[in-house]
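Subject: Structure for you to look through

Dear colleague,

I am handing over the structure below, and I would be glad if you read the notes after it with the structure open beside you. Please take your time with each part.

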Protein chains: 2
Amino acid sequence: MRLFTIALMVSAAALGQRPPRQVDTLVSPEVHADRRVTFRLRAPEAHNVTVRGEWMKAPEKLAKDESGVWSITLGPVEPDVYSYSFTVDGVQTVDPRNPQVKLGVRSSNTSVLEVKGEKPLAWDVQNVPHGAVEFRWYASKAVGTTRRFAVYTPPGYDPRGSARYPVLYLLHGSGDDEGSWVWYGRANLIFDNLLAEKKMRPMIVVMPFGHATPPNDYSPASRGRNTSLFEEDLIGDVLPAVEAAYRVEKGPKNRAIAGLSMGGAQSLHVGLKHLDTFGAIGAFSSGGNLDQIHPLLANAKGKLSVFWIGCGEEDNLLPASEKLVGELEQLGVKHIWRKTAGAHTWRVWRRYLAEVAPLLFRGT
Amino acid sequence: MRLFTIALMVSAAALGQRPPRQVDTLVSPEVHADRRVTFRLRAPEAHNVTVRGEWMKAPEKLAKDESGVWSITLGPVEPDVYSYSFTVDGVQTVDPRNPQVKLGVRSSNTSVLEVKGEKPLAWDVQNVPHGAVEFRWYASKAVGTTRRFAVYTPPGYDPRGSARYPVLYLLHGSGDDEGSWVWYGRANLIFDNLLAEKKMRPMIVVMPFGHATPPNDYSPASRGRNTSLFEEDLIGDVLPAVEAAYRVEKGPKNRAIAGLSMGGAQSLHVGLKHLDTFGAIGAFSSGGNLDQIHPLLANAKGKLSVFWIGCGEEDNLLPASEKLVGELEQLGVKHIWRKTAGAHTWRVWRRYLAEVAPLLFRGT
């Protein structure tokens, strides 16, 4: 009862900064010391409340108490960062008491659960030097709108210094935006931690916005146009802006491109078409029509320092990656193929990034 | 019917990047050409759905059609950026079809509606040069945790150049975080637009995280401790980090502090205690126990180039600002007092920022 205290009136004086009003102090999610997790929703009028998380095989029903608070305790849950949703009388939505939302381009029905372990994970905030993430607004000539890209600069990056850095272009998936690799993927923290352990080279990481056509237009025409417009935006707008603003090393040896799902397909398309620009490619759980890139595969022979392909065993897109890998083997194009545990989720992609970043920019 | 198409199966090929699955193409909110707005929620099992927006006096009920989609058309709505929520069978939550969420530190139950007018508003994306916003992670000695602050650098800011810039420290409210002035307040776009019109001096704007104690602890002890810990964090951690990393002008003539609600009270506390550091103060709809700052008011006489106080007529906190202004008049401390239309909302604070930024750093 202590934790899901009923709504109480708090005076302006006690509140310290807001007018008198009702505040709800219900806690959800609550992660217990044994890594069980309690989810709570105040919904006296609701008839049916379920929770479904990235770690669960099926939704579970919450139970209502006499005060109208629904709750369930699940787990223990393995340490990680997960997405989950409530479904309230048929409506899938966020956990409204949880300020952490998984943002995206099409909906806002997913919250974020973080379960810490005894040992920090590769994407946990640790007591190490931290890089910064800059969001840049730009008028894209290719797309014709004002958009943003994000840029990670490593700890110690000094725009006035003499050091120059290689650049990884890191692409998101179809549901995401340019901030997803940071806010949900924790890419910057993965880099901070790898750098603190001297496991990767200091690099600048550019996270462009991958949608150049409306994200809700699923027609093949729009999707095809998205790939070519995104290519134009990345090569013609983003890359020159990055190279003008940051202390970068140029040339294919110093540029890599990697991405997940839609961004994996884009990395393959753009990377293989621009082997004079990118010298390393990472394709994480790639989606889309990979047939279009097959004619480009032979060109990659001897050109890429890293050609990394990964997909989870439970991912519906696994056959596309396996087909790609089969063709690379036939053509004798050097690559790394990692069939791993996992489905089409960020739990897989954080791990892929932590595995791929250390391989990049290691010389010829 | 065209617009709230029923869920449809999209094949991997048509989708272009994702495994086969159900996609929902329901549009909400839909802003019509005449500025009426239609809100929609697919909820066949729900019994009662209402919408409440920042522009509305009371919630309105949505009506359910035969396909289980609830909807209502409201307005015309005056051009602006607004927050709104759905309440589904008693549960206040986001509009799950709207990717734009108003993020905060305590909950995630609010979506964002943007209604454009014929003429752009001060915070609309316009075809002007854009600044950038950088998020910096840092280990706060004062607070003992790793936190973030955000920094706006104006268009043309060159870390390798010779120009130096004055700095505005811009504080958020009790429900917000260090990103709120950017993602919901559109502060960067306000600056971009004012700079394009040459209405303000180019400046660096630092947006720290204002919570130094747990945001859900409303006890007076915690709130008081928050003010002093935040002061310590800002002066001891954030300010030196900013001045080491960016090309700033130093001294009180070149530093201002302003904020809304809790951040207004913090600006008064920290600004008036550090008149050797800050030469201008802005207090927007300030909350909290302003009695504590009254002993400091007399010291401000002749010290501040700008001492700006504003509050909306419909804001419950108006008496606190009026009392403050009365004391400044009695003490003969120069200030600007603006009692404006509006309540305790961001609609007011965006306008205040657009009014105050042009006044800053204009010389003695």
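Strand β12 of chain A runs antiparallel to strand β12 of chain B, and five bridges join the two; both strands cover residues 132-139 of their chains. Within this pairing, A:F135 stands opposite B:V133. Please keep in mind throughout that this is a predicted model.

The strand pairing belongs to a wider meeting of the two chains, in which 72 residues of chain A are in contact with 72 residues of chain B. The area buried between chain A and chain B is about 5800 Å², and carbon and sulfur atoms give 59% of that area. Which strand gives the most to the side of chain A that touches chain B? It is β12 of chain A, with six residues. On that side of chain A, the residues divide into 31 nonpolar, 27 polar and 14 charged. As for links between the chains, 10 residue pairs are in polar contact, counting pairs with both residues at pLDDT 80 or more, whereas the rule finds zero salt bridges across the interface of chain A and chain B.

A residue that you may like to examine next is A:R147, which has its place in strand β13 (residues 146-153) of chain A. Is A:R147 buried or exposed? Its relative accessibility is 5%, and A:R147 therefore counts as buried, since buried means under 20% relative accessible area. Leaving aside neighbours within four places in sequence, A:R147 is in contact with several residues, among them A:R136, A:W137, A:Y138, A:F209 and A:D233. The C-alpha atoms of A:R147 and A:W137 are separated by 5.5 Å, although the two residues are 10 residues apart along the chain. The side chain of A:R147 also has polar partners: one of its polar atoms lies 2.4 Å from the backbone oxygen of A:F209, and a polar contact of 3.4 Å joins it to the side chain of A:D233.

Turning to salt bridges, the count comes to 42 over all chains, and three of those in chain B are described here one by one.

- The side chains of B:E178 and B:R148 meet in a salt bridge, at 2.7 Å from N to O. B:E178 lies in the loop between β14 and α2 of chain B and B:R148 in strand β13 of chain B, so the pair ties together parts that are 30 residues apart in sequence. B:E178 counts as buried at 6% relative accessibility, while B:R148, at 25%, counts as partly exposed.
- B:K273 forms a salt bridge with B:E231, and the closest N and O atoms are 3.2 Å apart. This pair ties together parts that are 42 residues apart in sequence, because B:K273 lies in helix α5 and B:E231 in helix α4 of chain B. B:K273 is partly exposed, with a relative accessible area of 48%, whereas B:E231 counts as buried at 12% relative accessibility.
- The side chains of B:K323 and B:D291 meet in a salt bridge of 2.8 Å, N to O. The pair links distant parts of the chain, 32 residues apart, with B:K323 in helix α7 of chain B and B:D291 in the loop between β17 and α6 of chain B. B:K323 is partly exposed, with a relative accessible area of 44%, and B:D291 counts as partly exposed at 42% relative accessibility.

In chain A, a network of salt bridges links A:E78, A:D80, A:R347, A:R350 and A:R351.

Two further parts of chain A remain. An open sheet of four strands has the order β3-β4-β8-β7 in chain A, with antiparallel pairing. Why is one side of β3 and of β7 left without a neighbour in the sheet? Both strands of chain A stand at the edges, and each has a single partner strand, which means that one side of each is without a neighbour there. The partner of β3 in this antiparallel pairing is strand β4 (residues 37-42) of chain A, over two bridges, and A:V31 stands opposite A:V37 in β4 of chain A.

Helix α3 (residues 187-196) of chain A is mostly covered, with nine of its 10 residues buried; the buried ones include A:L189, A:F191 and A:D192. After this helix comes A:K198, whose phi is positive, near 55 degrees.

With best wishes

Technical notes: Residues numbered from 1 in each chain as written. Chains lettered and ligands numbered in written order. Predicted model: local features only at pLDDT ≥ 70, side-chain atom pairs only at ≥ 80, totals over all residues. Heavy atoms only, no water. Buried < 20%, exposed > 50% of the residue type's maximum accessible area, 1.4 Å probe, protein only. Pairing = 2+ DSSP bridges. Contact = heavy atoms within 4.5 Å. Buried area = accessible area lost by both parts, 1.4 Å probe. Salt bridge = Lys/Arg side-chain N within 4 Å of Asp/Glu carboxyl O. Polar contact = N/O pair within 3.5 Å; in protein donor to acceptor, adjacent residues only side chain to side chain. Nonpolar A, V, L, I, M, F, W, Y, C, P; charged D, E, K, R; others polar.
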